[in-house]
Amino acid sequence: MPTEKLFSQVELAHIMGVRTSTIREWEAAGCPVERKAEKAGQASLYRAADVIAWDRERAVRAATGDMAASDLNDLRKRKLAAEVILAELILAEKQGQLVRLDIFVEQVAHACSALKSRLLVLPAVVAPSLTLATTTQEFFDIVYQAVIEALEDISSGSFNFFGTGAATEEPSDAV
């Protein structure tokens, strides 16, 4: 039966998509090592399947609340990473690069409502003119012109898609 290939830290790091320093940290945290380096400059060797299984088990324990299985350094790193991500999201929102989902949904609803209202008045706008039309072409031209005017109105900067101040309002925390 063929033996399973052993991998160095560099090869294993590449397989796992992590840095070699992470592999060293994992080894200190109990990651299985097939053959430890005996002297400086020599590489430890790992079975990829064993390391993957160990990493999965560790992730499951951490996700299910077995915090004893996670070492304090990993928890600190995760907390710091979460704080950095949160700070970046807050900054992106303040710089106008990010919009909160609840505000976006509210603005799209306002826009759809405004579009619907503008388009629903078309029949009332064109009806008086249609009574004067004598040919299909005149009928078409009247309706077409009304649609063009409505679309120009909608696409102009003066059309109020979002209602008064909806783009800058903060949602209320009141229930």
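This passage describes the nonpolar cores, a helix pair and one N-terminal-side residue of a predicted model.

Residues are numbered from 1 along each chain as its sequence is written. Because the model is predicted, local features need pLDDT of at least 70 and side-chain atom pairs count only at pLDDT 80 or more, while totals for chains, interfaces and linings use all residues, and side-chain values use heavy atoms, with hydrogens and water left out.

The largest nonpolar core, a set of buried Ala, Val, Leu, Ile, Met, Phe, Trp, Tyr and Cys residues joined through side-chain atoms within 4.5 Å, where buried means under 20% relative accessible area with a 1.4 Å probe and protein chains only, has 11 residues, including Phe7, Trp26, Tyr46 and Trp54. Two or more residues of this core come from each of α1, α2 (20-28) and α3 (48-63), helices being DSSP runs of H or I of at least four residues, numbered from the N terminus. Apart from this core lies another, of five residues, among them Leu122, Val126, Leu130 and Ala150.

The axes of α6 (residues 122-130) and α7 (residues 136-155) come within 10 Å and cross at roughly 150°, the axes being lines fitted to C-alpha atoms over the stretch in contact and the angles running from 0 to 180 degrees between N-to-C directions. The two helices α6 and α7 are therefore roughly antiparallel, a term for angles over 145 degrees.

Glu4, in the segment before α1 (9-16), is in contact (heavy atoms within 4.5 Å) with Arg47, Ala48 and Ala49, leaving aside neighbours within four places in sequence.

Definitions and conventions:
Parallel < 35°, antiparallel > 145°, perpendicular 65-115°, else oblique. Buried < 20%, exposed > 50% of the residue type's maximum accessible area, 1.4 Å probe, protein only.
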